[in-house]
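Thank you for making time this morning. I would like to walk through one model, beginning at its surface and then turning to its charged pairs and one of its helices.

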Amino acid sequence: MQVREIIKLKGGTLFTATPRQSLALAIDTMAELDVGSLVVMESGAMAGMLTFREVMLALKQHGSATDGVTVGDVMVKDPVTAYPDMQANDLRRLMIETHSRYLPVMEGTTLLGVISFLDVAKAVLEEQNFENKMLKNYIKNWPDEPKA
């Protein structure tokens with residue numbers, strides 16, 4: 001299974017913020033939408049990623065007083081990215097090695113979407129269920145042995 005298939009399964013909805021947006025507003029957005037990441041966009045291009053990890057670090061650093069703190073102050077400016085032709089196993093390995101729960105998927109300079117570790121788990125489970133059904137069907141319809 002390739003990353004492009006996972007993006008197709010989950011849909012390409014992107015939740016975004018801007019670098020100048022207040023961190024408090026971004027936190028509200030993440031909570032309202034029940035998402036763990038926002039793509040930070042500037043001038044039509046990805047400028048970074050904000051995940052709950054950066055939010056937690058910012059809250060720790062600023063003592064939960066986020067007045068004056070912007071998304072740009074705490075975002076990951078050069079996030080690790082995936083590409084559409086990447087295999088799911090390579091994606092999982094990359095996510096584990098980089099401790100990334102959310103990866104933007106880029107095709108050249110075009111952002112196709114963001115994949116979470118949960119999206120990967122769901123896609124792999126769905127693929128395994130499909131293969132399991134196919135194997136059961138194959139076994140069920142196995143031809144009888146010829147009679148001598």
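Which residues make a nonpolar surface patch of about 400 Å²? The patch is made by Tyr138, Ile139 and Trp142, where a patch joins residues with over 30% relative accessible area and no salt bridge, like charges within 9 Å and nonpolar side chains (Val, Leu, Ile, Met, Phe, Trp, Tyr) within 5 Å, and accessible areas come from the Shrake-Rupley method with a 1.4 Å probe, only the protein chains shown counting as cover for residues.

Before going on, I should say that this is a predicted model, in which local features need pLDDT of at least 70 and side-chain atom pairs count only at pLDDT 80 or more, while totals for chains, interfaces and linings use all residues. Residues are numbered from 1 along each chain as its sequence is written, and side-chain values use heavy atoms, with hydrogens and water left out.

Ile139 belongs to helix H6, residues 117-140 (helices, H or I of at least four residues, and strands, E of at least two, are DSSP runs numbered from the N terminus). With a relative accessible area of 59%, Ile139 is exposed; buried means under 20%, exposed over 50%, and partly exposed in between, with a 1.4 Å probe and protein chains only.

Helix H6 also brings us to the salt bridges, of which the structure holds 5, each being a side-chain nitrogen of Lys or Arg within 4 Å of a carboxyl oxygen of Asp or Glu. One of them pairs Lys10 with Asp119 at 3.2 Å, N to O, and because Lys10 lies in helix H1 (residues 3-10) and Asp119 in helix H6, this pair ties together parts that are 109 residues apart in sequence. Lys10 is partly exposed at 35% relative accessibility, whereas Asp119, at 13%, is buried.

In helix H5, Arg93 and Asp90 form a salt bridge of 2.9 Å, again N to O, and being 3 residues apart, they are separated by about one helical turn.

What about the buried side of H5, which spans residues 88-98? Ala88, Leu91, Leu94 and Met95 are buried there, and they cover an arc of only 120° around the axis, so they sit on the same side of H5; the arc is that of the directions from the helix axis to the C-beta atoms. The face turned away from that buried side carries the exposed residues Ile96 and Glu97, and just after H5, His99 takes a positive phi of about 55°.
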